[in-house]
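Here is a set of short exercises to try with the model open beside you. Work through each task first, then compare your steps with the solution.

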Amino acid sequence: MTAYIGKPIPRVDGRAKVTGQARYAAEVHVPGLLYGRVVSSPIARGHIRRIEPRAALALPGVLQVFTHENLPRLAWLSRSYRDHTAPPGTPFRPLHGDGILFCGQPVALVVAESLELARYAASLIDIEYAVEPHATELLLQRAWATEPPRGKMGYEPPPGPRGHAERALREAAVRIAADYSQPAEHHNPMEPHATTVLVDEDGSLTIYEKTQSVRNSQEYVCKVFGLPKDKVRVLSPFVGGAFGSGLRPQYQLFLAVLAALELRRPVRVELTRRQMFSFGYRPITEQHAELGAAADGALTAVSHSALASTSRFESFCEHIVHESSVMYRCENTRLDYKVAPLDLYTPIDMRAPGAVSGMFALECALDELAHAAGLDPLELRIKNYAERDQDKDRPFLSKELRACYKKGAERFGWARRPRTPRSLRAGDLLCGWGVAGGVWDAQQAPSSARAMLTADGRLRVSSSTSDIGPGTYTIMTQIAAEALGLPLEDVTFVLGDTALPLAVVQGGSLTAASVGSAVKAVCEKLQARLLKLAQDGAGSPLAKADLKDVRFVDGRIELVADPRRAIAVREVMRRAQLGMLEEESIAMPDLVKQGRYKMSSHSAVFVEVTVDEPLGLITVTRVVSAVAAGRILNPATARSQILGAVVMGIGMALTEQSVLDHRLGRFVNQDLAEYHVPVCADIRDLEVIFVEEDDPIVNPLGVKGVGEIGIVGVAAAIANAVFHATGRRVRSLPITLDKLL
Amino acid sequence: MNPFSYAQPCAVREAVAELVADPGARIIAGGTNLVDLMKGGVARPSRLVDITRLSLHRITELPDGGLRLGALVSNADVAQHPLVTARYPLLARAILQGTSPQIRNMATTGGNLLQRTRCYYFYDPALPCNKRSPGSGCPALDGYNRIHAVLGTDRGTDRSTEGRTDAGSGSRPLCIATHPSDMCVALAALEAVVHVVGNSGEREIPLADFHRLPGDTPHLDSNLAPDELITAVELPPRGFAERCAYLKIRDRHSFAFALVSVAAALELAQDAAGGAGAVIIQDARLALGGVAHKPWRDARVEAALRGQRPGEEAFQAAAAELLRGARGFGHNGFKIELARRATVRALTLAASGSAGEEAAP
């Protein structure tokens, strides 16, 4: 059978990746390639007094040093530098003037005939800075905090207050108030950001770029360098992880294009690991949560405020507190969200932006409330289960969170959890169990796809989307193969190329829903055309049949009522004497219908930790993550998404932080030896349960996306488990061993 | 990375001659640390002397029952050698808790001794650092110093052979970097001896004297002279194979440098006065990693353990004494208490005859 959706199909690009056939942006080799090396500012704020490139330029093989002093005339308006996912403000313009806005800011690009030479020449650039006082401590900048304006794609300010939270808190039988803090985190994808630019004879550019949206990079280059779109092609067939860091064009793209245009030679600029700490990061947050409840645990008040970091030039914003007035049934809610400017680069979305931060505070606060009320924390959540979105007074479209709680708890053995902290042991170690819930918006954005069926029965489907690792190549191939009933190996999906039909940026867990719907739609168009062709001429076995009367399986179109009446797709093509059939389609979200509902994916995360108390050592020994995210297209790739997200959540909870030295205004642990992402030894038993939802409205495929939901709630569940193990509540992440001594 | 020339000598004396001829020359073997430092502009050798062709690749038994580890034997090969695992499990375990299998395959015995600190500020040439450029200052002192030293940081008291400095002797340290090796902590406890060859011949340096405290010369990590090359590390016959433990405390379960590590080794004997089954400590070795500019040992603490009954009381006293004079600098104060507890744990593990790995399951 040619039914693929819902099957654990192995990654179609897996072989290319493990054999090194997959080429990444910094692996494109052409004769005469030049290498750019970025020189970074060591100061956080001030300006360049003097920049002297002569020693570098004197080296044979060094072609040019680009600085603010020799920048050619480019787009002047900051608006031209705004990309699709930019927050409101004045985007950073590389080499634009002598001002220093953040530590690590690129101040020069050295271009040479070899990487080694460029690197050495970069060390010879002599720069004198005028240093001005900087500010990088969030709490000290609180006085300058403001509510971020609208303007970033997908951002809405938090809903206003509901009921009377203050009074309800005052009158609550049980009440907790707590502060939670979270450091900066960097995405640290395995592949550093890189761009290779080729220049054709007519001056048009072919750009191999690490990005989550080739279209976004293309439009940025066109606007900044004043080029027409047909002169700029951006390709990004493979991306070695991005997690949000590739949502915006980063400065290596600007610098590589600049050098290639000026020198009329192919140029590659690849950032170093250290330079990967010089642009967006997950914002630093300080949160305050207050919850009030009746004696039986019924929530009467939710108050949640968040202060987050941004830069001085843009107002980064995300939905940190928004879900706190929807996650649980409660009449009185009050949310507050502000951002304060620091002398750092603007933060950038990082896996489950906003939700992962906000739910850390809310879900820990729930745990604190359960403890104060003497209730089981899972019971408390079920007791306050939200059946409606009270903010907008609308139902949930589909919400199997209750089933997630139930199935996750069963699998985990939650019923055996003693309520009192410090009452579980694992040998000499303390043991603790914690739970937290998670939520992430299910969205769809306009996207399009093209499909081409050739006479040999092979199908090529394409869209300019990305595959940063979730398995986009694979699931799109599945959708197309199933729609036309073709063997998987006869179907190819192509992506990451601006020559292909427009697609939304790969972010926000919306690729499966958006691009998947476009692939489905374009294949349905082909179905209709094939059926019509099959009915041409006399004696067609499918004469007079409607699309709904037939199905496409095993390379044939057959009548549902009588599968013996069928015709092979190749035969249809042969008879019609067509070399190929081509269709293009765009899938638009049905905003009217969808707007009547709150559309979200949900999760329940159960965690076991052991703690070696005298030494403060925490081990996450078991995680059960139960996820309700609509229909699961491929349980293998979807499970990988959740596993990876849980690992990232373990890092967020226990090890990851980009530490700022406030005197220097810089991150200090800028390498993978000292920025601790989890390693295999940190990861023990992880289990993923999908609670499928049958949701015909969210999009034609019924999918909600699984890129984000897996990380939401993980840090809270771990912090709650640590409390259960030790009786100690650590409210600042990461929970490093010194916080337990 | 600066341009440099390259030599590949075939004899030890040729390698020494290279060092003599060019003061900017540096030895390279596994390159696991030096290449990183060069790429980051922290090390700028004018010449690299690749010694991988020298005949220093063997582990040999010594007539006295000791073991000689050639300077070029990889960390992985030392850790897996049957004579090492049988006689010096403390060393094998310390090595295996360091870094990753890939790096252990490349890294050499001599190179491990000479690896540089992981201080963040040392690694960033844009910043001052007394170790990298003497006299420029130490941003770690008032900066983020969570991974930094709590022992032996005082100036003008480089009594490295005694292994102790006095607390709070006033002046601000010039450097609070730590030595990052796990292997060296075990070697210190086992009283290994470093064999070196220089222009004026061969000499032996006890491991305890090999690394230096920062004192007034933080740019010098060790007492190896500029013209000298490590040829071997010799282990004395006593390996404390029965009762030893290497306990490493770090921020994740693998592939992270130690916040604190402890090499503990005990020899127990029947206590003639104590009745049947009673034992006393006949000999003890104790070294700390992650807390100082060198593996931290104190002969007086070990002497005080001798004759004691192994147990909480004796171990607590030893730990307190070993940490006497420890001093935090803001973010690393926790290391003092952590090191105290880890020492007690490691001694307890060693006494029980447990293998002694990291404490977490």
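Helices, taken as H or I, and strands, taken as E, are DSSP runs of at least four and at least two residues, numbered from the N terminus. Please keep in mind that this is a predicted model.

**Exercise 1. Place the cis peptide bond**

Task: find which residues of chain A a cis peptide bond joins, and say where the proline is placed.

Solution. Begin with omega: a value of about -10° marks a cis peptide bond between Leu733(A) and Pro734(A). Next, locate the proline: Pro734(A) sits in the segment that follows helix 15 (714-726) of chain A. As background, most peptide bonds are trans, and most residues other than glycine have a negative phi. The second half of that background leads into the next exercise.

**Exercise 2. Two residues with positive phi**

Task: for Ser509(A) and Gln577(A), decide whether each is buried or exposed, and give the loop that holds each one.

Solution. Take the serine to start with. Ser509(A) is not a glycine, yet its phi is positive, near 60°. Ser509(A) belongs to the loop that runs between strand 21 (491-494) and helix 11 of chain A. The cut-off for buried is under 20% relative accessible area. Ser509(A) has 10% relative accessibility, so it counts as buried.

Now turn to the glutamine. Gln577(A) also has a positive phi, near 55°, in a residue other than glycine. Its loop lies between helix 12 and strand 25 (580-587) of chain A. Exposed requires over 50%. With 71% relative accessibility, Gln577(A) therefore counts as exposed.

**Exercise 3. A helix pair in chain A**

Task: describe how helix 11 and helix 12 of chain A pack, and sort the residues of their contact by type.

Solution. Two packed helices are described by the angle between their axes and the distance between the axes. Helix 11 (residues 511-535) and helix 12 (residues 569-576) of chain A pack at an angle of about 65°, and their axes are 9 Å apart. The crossing of helix 11 of chain A with helix 12 of chain A is left-handed. On the side of helix 11 of chain A, Leu530(A), Leu533(A) and Ala534(A) make the contact, and helix 12 of chain A contributes Val569(A), Val572(A), Met573(A) and Ala576(A). Sorting the residues of this contact gives seven nonpolar, no polar and no charged.

**Exercise 4. Two loop residues and their partners**

Task: work out which residues Tyr155(A) and Leu127(B) touch, setting aside those up to four places away in sequence.

Solution. Tyr155(A) lies in the loop between strand 6 (126-131) and helix 4 (165-171) of chain A. Its relative accessibility is 6%, so Tyr155(A) counts as buried. The partners of Tyr155(A) include Pro148(A), Arg150(A), Cys317(A), His319(A) and Tyr337(A). For His319(A), check the spacing too: it is 164 residues from Tyr155(A) along the chain, and their C-alpha atoms are separated by 7.2 Å.

Move on to chain B. Leu127(B) occupies the loop between helix 7 (109-113) and helix 8 (183-189) of chain B. At 8% relative accessibility, Leu127(B) is counted as buried. Leu127(B) touches Leu664(A) and Arg666(A), together with Tyr121(B) and Arg132(B).

**Exercise 5. An exposed loop residue in chain B**

Task: find where Ala276(B) is placed and how its C-alpha atom is separated from that of Ala256(B).

Solution. The loop between strand 10 (260-270) and strand 11 (279-289) of chain B holds Ala276(B). A relative accessible area of 87% makes Ala276(B) exposed. Although 20 residues part Ala276(B) and Ala256(B) along the chain, their C-alpha atoms are separated by 44 Å.

**Exercise 6. Profile both chains**

Task: compare the radius of gyration of chain A and of chain B with the globule rule.

Solution. Chain A comes to 15 helices and 30 strands. Its radius of gyration is 27 Å, close to the 27 Å that the rule gives for 741 residues, so chain A is as compact as a globular protein of that length. Of those residues, 65% count as buried.

Chain B has twelve helices and twelve strands. For 361 residues, a compact globule would have a radius of gyration near 21 Å, and the 20 Å of chain B agrees. Buried residues make up 57% of chain B.

Notes: Residues are numbered from 1 along each chain as its sequence is written. Chains are lettered from A and ligands numbered from 1 in the order in which they are written. This is a predicted model: local features need pLDDT of at least 70, side-chain atom pairs count only at pLDDT 80 or more; totals for chains, interfaces and linings use all residues. Side-chain values use heavy atoms; hydrogens and water are left out. Axes are lines fitted to C-alpha atoms, for helices over the stretch in contact, and angles run from 0 to 180 degrees between N-to-C directions. A crossing is left-handed if the near helix is turned anticlockwise from the far one by less than a right angle, and right-handed if clockwise. Contact means heavy atoms within 4.5 Å. Ala, Val, Leu, Ile, Met, Phe, Trp, Tyr, Cys and Pro count as nonpolar, Asp, Glu, Lys and Arg as charged, and the others, Gly among them, as polar. The radius of gyration is taken over C-alpha atoms; the globule rule is 2.2 Å times the number of residues to the power 0.38. Buried means under 20% relative accessible area, exposed over 50%, partly exposed in between (1.4 Å probe, protein chains only).
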